[in-house]
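Here are my notes on this one, as numbered points. Have the model open while you read.

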Amino acid sequence: MALNYREDFDYSEAIANTQDAAERQQLLAERQNKIEAEGLAGKVASNEAVSTWNGDYRPYSVSSTQSGGTAVSQLYDAAEQARLQRFDAARERIQQQLESNLSSIERDYTAGMTQTDINARQSVLAGEEKLAALGLNMGARGAAATSGAAETSRIAIDNQYRSDLNALGQARLTARAAAQDSASAQQAALESDYLSASESASLQQAQAALTQFNADRDYSLSVAGLTGFLNGLPTLAYRDYASGLTSQAQAQAYEQAFNRWKTAGYVQAGDAAILGVPAGTPTADVSYKNASLALQQWKAGYWY
């Protein structure tokens, strides 16, 4: 959809020279369309600036809540992105450390199992040598013991082997649980710090935006005091001023018509509407005295 605007038309000049609020708003809207359609943003004065133009007073740029707020928001967005990246990196390090700790626990467990098997075999051999020294025989390992001493020795070795396996398994579970608990605690602390920092940043951003808004509002009001326009609309003071100019012009027209009445001795056709009396009314008429009194009051009220 094509934007509505006039290509070969100086909107800025027209805006500066019009005092009509409706016309001013229409011109500003069309100028914004032209800026967007022709890619003039940043190359010409913004509509925000031009909306304050009045006659020869034409500031090129003014403070902007929108642009200022956007700049503040961009700064906080960049800080938030950096904080999120640090959070993700720290979380990844915690996960990597957990995986490393669990791998180390599994290696230690496997090594412990191997050593337990070795210890058990060594205990069997030592038992066989001990019984042999006493003239006894353990018997084949897959067969029944040849004596009560051999049976007792086998039971003791088996019990020790099972006890060692159980201790290894329990140590493995305990170590894994400790590693996972430590990682969870670190993760919880990391998330708490991140959320706290985000909350603090959001509050600071809101305060900065409010400060910017108040500063822009004060600035806009000061500009409005100079130009007579706020966001393209005439201020009350300017409307009062313009109304005074209109009344003064009316008073001058009245005085000029009155002087022509006085000089000619009667009201001319062109002055009848201005003076509010019929054309041809002579100066001898009471209307002349009333008009003279009205003129004196008008001049006293608006000119001096």
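Which residues make up the largest nonpolar core?

1. Start with that core. This is a predicted model, and its largest nonpolar core has eleven residues: Tyr 254, Ala 257, Phe 258, Trp 261, Val 267, Ala 272, Leu 275, Val 277, Tyr 288, Ala 291 and Leu 295. Helices α6 (236–264), α7 (272–275) and α8 (286–302) are the elements that give two or more residues to this core. The most comes from α6, with four residues. There is also a second, separate core, made of ten residues, including Leu 98, Leu 102, Ile 105 and Tyr 194.

2. Now the aromatics. I'd look at Phe 258 and Tyr 288 among the five aromatic pairs in the structure. Their ring centres are 4.9 Å apart and the planes meet at 20°; under 30 degrees counts as stacked, so this pair is stacked. The pair links distant parts of the chain, with Phe 258 in helix α6 and Tyr 288 in helix α8, 30 residues apart. Trp 261 joins in as well: ring pairs link Phe 258, Trp 261 and Tyr 288 into a cluster.

3. Are the two stacked residues buried or exposed? Phe 258 has 6% relative accessibility and so counts as buried. Tyr 288 comes out at 16%, which also means buried, given that the cut-off is under 20%. Leaving aside residues up to four places away in sequence, Tyr 288 touches Phe 258, Trp 261, Lys 262, Pro 282 and Thr 283.

4. While you're in that region, find Asp 285, in the loop between α7 and α8. Asp 285 is partly exposed, because its relative accessible area is 29%, and the partly exposed class runs between 20% and 50%. Tyr 266 is 19 residues away from Asp 285 along the chain, and the C-alpha atoms of the two are separated by 9.4 Å.

5. Two rings have a charge over them. The charged end of Arg 6 sits over the ring of Phe 9, at 3.9 Å from the ring centre. For Arg 172, the ring in question belongs to Tyr 109, and the charged end is 5.1 Å from its centre.

6. Helix α2 is worth a quick geometry check. How far apart should its ends be? It covers residues 21–37, and at 1.5 Å a residue those 17 residues should span 24 Å; the end C-alpha atoms are 24 Å apart, so the two agree. Its buried residues are Arg 24, Leu 27, Leu 28, Glu 30, Arg 31, Asn 33, Lys 34 and Ile 35. As background for reading that list, an α-helix has 3.6 residues a turn, so residues three or four places apart point the same way. After α2 comes Gly 39, with a positive phi, near 60°.

7. Finally, the overall picture. The protein has eight helices and two strands, and from the N terminus on the order is α-α-α-α-α-β-β-α-α-α. Of its 304 residues, 26% are buried. The accessible surface comes to about 19,200 Å², and carbon and sulfur atoms account for 54% of that. As for contacts between residues at least 6 apart in sequence, 55% join residues at least 24 apart.

Definitions and conventions. Residues numbered from 1 in each chain as written. Predicted model: local features only at pLDDT ≥ 70, side-chain atom pairs only at ≥ 80, totals over all residues. Heavy atoms only, no water. Expected span 1.5 Å × (residues − 1). Buried < 20%, exposed > 50% of the residue type's maximum accessible area, 1.4 Å probe, protein only. Core = buried A, V, L, I, M, F, W, Y, C linked by side-chain atoms within 4.5 Å. Contact = heavy atoms within 4.5 Å. Phe/Tyr/Trp six-rings, centres within 6.5 Å; stacked < 30°, edge-to-face > 60°. Lys NZ or Arg CZ within 6 Å of the ring centre and 35° of its normal. Areas by Shrake-Rupley, 256 points an atom, 1.4 Å probe, with all protein chains shown as cover.
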